[in-house]
Amino acid sequence: MSVNAKTVKIYMMPLEFPCGPNSACCGPIGQSDEVIQGLKGTIEKELNLGVEVINVRQKMKMSDVQVVRLLNTFGPMALPLIALDGDVVSMGNPSPEEAVQAIRQKLTG
């Protein structure tokens, strides 16, 4: 972990099929474990930062106000949300490289 101990959080929802896996009415929502682990691993490797993954269905905190507002506005399509020290830097489905770029931009101001 870096000396200045910045905190990265990935807010996600596990992949699910609300209408059933073969339903034509709607598609899947959420993210697969592979996608989230890919984001987490790339961020940790490229930026030397610790990353916490938070399942929005299980453990949200009162301090996650910005995340809750974005979820209320955009719904699950906003996920995954990536935050650096409490500030959301990425929303939606970034590639691991795009996530690193967004965090790097926030780090360098």
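The following conversation walks through a predicted model of a protein chain, one question at a time.

Visitor: Which pattern does the protein chain follow when read along the sequence?
Guide: In this predicted model, the secondary structure of the protein chain comes to three helices and four strands. Taken in sequence order, these elements give the pattern β-α-β-α-β-β-α.

Visitor: What share of the contacts with a separation of 6 or more comes from residues 24 or more positions apart?
Guide: The protein chain has 109 residues, and 36% of them count as buried. Among the contacts in the chain with a separation of 6 or more, the share that joins residues 24 or more positions apart is 54%.

Visitor: Where on helix H1 do its buried residues lie, on the same side or on opposite sides?
Guide: Helix H1 covers residues 33-47, and from its first C-alpha to its last it reaches 21 Å, close to the 21 Å expected at 1.5 Å a residue. Its buried residues are Ile36, Leu39, Ile43 and Leu47. Because these residues cover an arc of only 60° around the axis, they are on the same side of H1.

Visitor: Why can residues three or four places apart point the same way?
Guide: The buried residues of H1 that we have just met are Ile36, Leu39, Ile43 and Leu47. The reason lies in the geometry of the α-helix, where residues three or four places apart point the same way because the number of residues a turn is 3.6.

Visitor: Which exposed residues does H1 carry on the face turned away from its buried side?
Guide: The buried residues of H1 are covered by elements that include strand S1 (7-12), strand S2 (50-55), strand S3 (81-84) and helix H3 (96-108). The face turned away from that buried side carries exposed residues instead, namely Asp33, Glu34 and Lys45.

Visitor: Is H1 oblique or parallel to H3?
Guide: Residues Gly38, Leu39, Thr42, Ile43, Glu46 and Leu47 in H1 meet Pro96, Ala99, Val100, Ile103 and Arg104 in H3, and the crossing of the two helices is right-handed. Their axes are 9 Å apart, and the helices pack at an angle of about 45°. Since angles under 35 degrees count as roughly parallel and 65 to 115 as roughly perpendicular, this angle makes H1, with respect to H3, oblique.

Visitor: Within what arc do the buried residues of H3 fall?
Guide: H3 has 13 residues and reaches 18 Å from first C-alpha to last, close to the 18 Å expected at 1.5 Å a residue. The residues Ala99, Val100, Ala102 and Ile103 are buried in this helix. They line one face of H3, because seen down the axis they fall within an arc of 160°.

Visitor: Which residues are exposed on the other side of H3?
Guide: What covers the buried residues of H3 includes S1, H1, S3 and S4. On the other side of this helix, the exposed residues are Glu97, Gln105 and Thr108.

Visitor: Which residue in the loop between H1 and S2 has a positive phi although it is not glycine?
Guide: The residue that follows H1 has a positive phi, near 55°, and its place is in the loop between H1 and S2. With a relative accessible area of 44%, it is partly exposed. The residue, which is other than glycine, is Asn48.

Visitor: Is Asp85 buried, partly exposed or exposed?
Guide: Asp85 is in the loop between S3 and strand S4 (87-91), and it has a positive phi of about 50° although it is not a glycine. Buried means under 20% relative accessible area and exposed means over 50%. Its relative accessibility is 40%, so Asp85 counts as partly exposed.

Visitor: What is the C-alpha to C-alpha distance between Tyr11 and Ile82?
Guide: Tyr11 is found in strand S1, and at 3% relative accessibility it counts as buried. Not counting residues up to four places away in sequence, Tyr11 touches several residues, among them Ile54, Met60, Leu81 and Ala83. Although Tyr11 and Ile82 are 71 residues apart in sequence, their C-alpha atoms are separated in space by 6.3 Å.

Visitor: Is the peptide bond from Leu79 to Pro80 cis or trans?
Guide: Pro80 is found in the loop between H2 and S3. The peptide bond that leads from Leu79 to Pro80 has omega near -5°, and it is cis.

How values were computed. Residues numbered from 1 in each chain as written. Predicted model: local features only at pLDDT ≥ 70, side-chain atom pairs only at ≥ 80, totals over all residues. Heavy atoms only, no water. Expected span 1.5 Å × (residues − 1). Buried < 20%, exposed > 50% of the residue type's maximum accessible area, 1.4 Å probe, protein only. Arc of directions from axis to C-beta. Contact = heavy atoms within 4.5 Å. Axes fitted to C-alpha atoms, helices over the stretch in contact; angles between N-to-C directions. Parallel < 35°, antiparallel > 145°, perpendicular 65-115°, else oblique. Left-handed = near helix turned anticlockwise from the far one by under 90°.
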